[in-house]
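Let's take a walk through this one together. Have the viewer open and follow along as we go.

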Amino acid sequence: MNIDNQLAINAYNNIATNSITRSKSENDKLLKEQTDAFEAFLVKSVLDIALKDENPLFPKDAGDKIYSSMYNDTMSRALSGNLGFSELLFNFLKERT
C-alpha cells in the first residue's frame, strides 16, 4: 500500500472515530477537505501522465523534473474541488457516516 492510500485511510478513520465529539458541520468540513485532497491527488496523477513527454514550459536542464512536479502540484491543488469528483465522493461518504 503506498503512502497516499494509507494517508487517505488514516484520515477517513480519524474522521469516523472522532465524529462523536465533533459537531456535524465540523465533520462535514473535515470530510470536504479530505475529498478535495483526494481529488487533487487524482488530478496530479493525470497531469503527471499527460505532461510526461517534453513540455515546452520546462526545457531540459538540471531541475526540469522538479519544476514540472511543482507545476503539477500547483495545478492539481488549484483544480481540486471544482471537477465534481470531490463532491461525488463527499456526498457518498456523508451518507455512510
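**A ring pair, then a buried stripe**

Start in helix H2 with Phe-38 and Phe-41: they sit 3 residues apart there, which means about one helical turn separates them. A pair of aromatic rings is described by the distance of the centres and the angle of the planes. The count for this model comes to 1 aromatic pair. For the rings of Phe-38 and Phe-41, the centres are 6.4 Å apart and the planes meet at 35°, so this pair goes down as tilted. Stacked would have needed planes under 30 degrees apart, and edge-to-face over 60. How buried or exposed are the two partners? Phe-38 has 36% relative accessibility, so it counts as partly exposed, and Phe-41, at 29%, is partly exposed as well.

Before going further, keep in mind that this is a predicted model. The mean pLDDT of the protein is 79, with 71% of the residues at 70 or more. Confidence is lowest in helix H1 (residues 3-17), where the mean is 66, and highest in helix H4 (residues 85-96), where it is 89. Where pLDDT is low, the predicted coordinates should not be read in detail.

Now zoom out. The protein has 4 helices and 0 strands, so to speak a plain α-α-α-α when you read along the sequence. Of its 97 residues, 22% count as buried. The exposed surface is about 7,300 Å², and carbon and sulfur atoms supply 59% of that. If you take the contacts between residues at least 6 apart in sequence, 69% of them join residues at least 24 apart.

Next, turn to helix H3, residues 64-79. Its 16 residues reach 22 Å from the first C-alpha to the last, close to the 22 Å expected at 1.5 Å a residue. Which residues of H3 are buried? Asp-64, Ser-68, Asn-72 and Ser-76 are. They cover an arc of only 95° around the axis, so they end up on the same side of H3. The buried residues of H3 pack against helix H2 (24-50). Spin the view to the face turned away from that buried side, and you find the exposed residues Ile-66, Arg-77 and Ala-78. Just after H3, Gly-81 takes a positive phi of about 90°.

Two residues of H3 deserve a look of their own. Take Asn-72, which is buried with a relative accessible area of 2%. What does Asn-72 touch, leaving out residues up to four places away in sequence? The list is Lys-44, Leu-47, Asp-48 and Leu-51. With Asp-48, the sequence separation is 24 residues, while the C-alpha to C-alpha distance is 6.8 Å.

The other is Ser-76, also a residue of helix H3. Its relative accessibility is 4%, so Ser-76 counts as buried, given that the cut-off for buried is under 20%. Again setting aside residues up to four places away in sequence, Ser-76 touches Ala-40, Val-43, Lys-44 and Leu-47. Put the two contact lists side by side: Lys-44 and Leu-47 appear for Asn-72 and turn up for Ser-76 too. That ties in with the packing of the buried residues of H3 against helix H2.

Notes:
Residues are numbered from 1 along each chain as its sequence is written. This is a predicted model: local features need pLDDT of at least 70, side-chain atom pairs count only at pLDDT 80 or more; totals for chains, interfaces and linings use all residues. Side-chain values use heavy atoms; hydrogens and water are left out. pLDDT is the predictor's confidence in each residue, from 0 to 100. Helices (H or I, at least four residues) and strands (E, at least two) are DSSP runs, numbered from the N terminus. The expected span of a helix is 1.5 Å times one less than its number of residues. Buried means under 20% relative accessible area, exposed over 50%, partly exposed in between (1.4 Å probe, protein chains only). The arc is that of the directions from the helix axis to the C-beta atoms. Contact means heavy atoms within 4.5 Å. Accessible areas come from the Shrake-Rupley method with a 1.4 Å probe; for residues, only the protein chains shown count as cover. Rings of Phe, Tyr and Trp (its six-membered ring) pair if their centres lie within 6.5 Å; planes under 30 degrees apart count as stacked, over 60 as edge-to-face and the rest as tilted.
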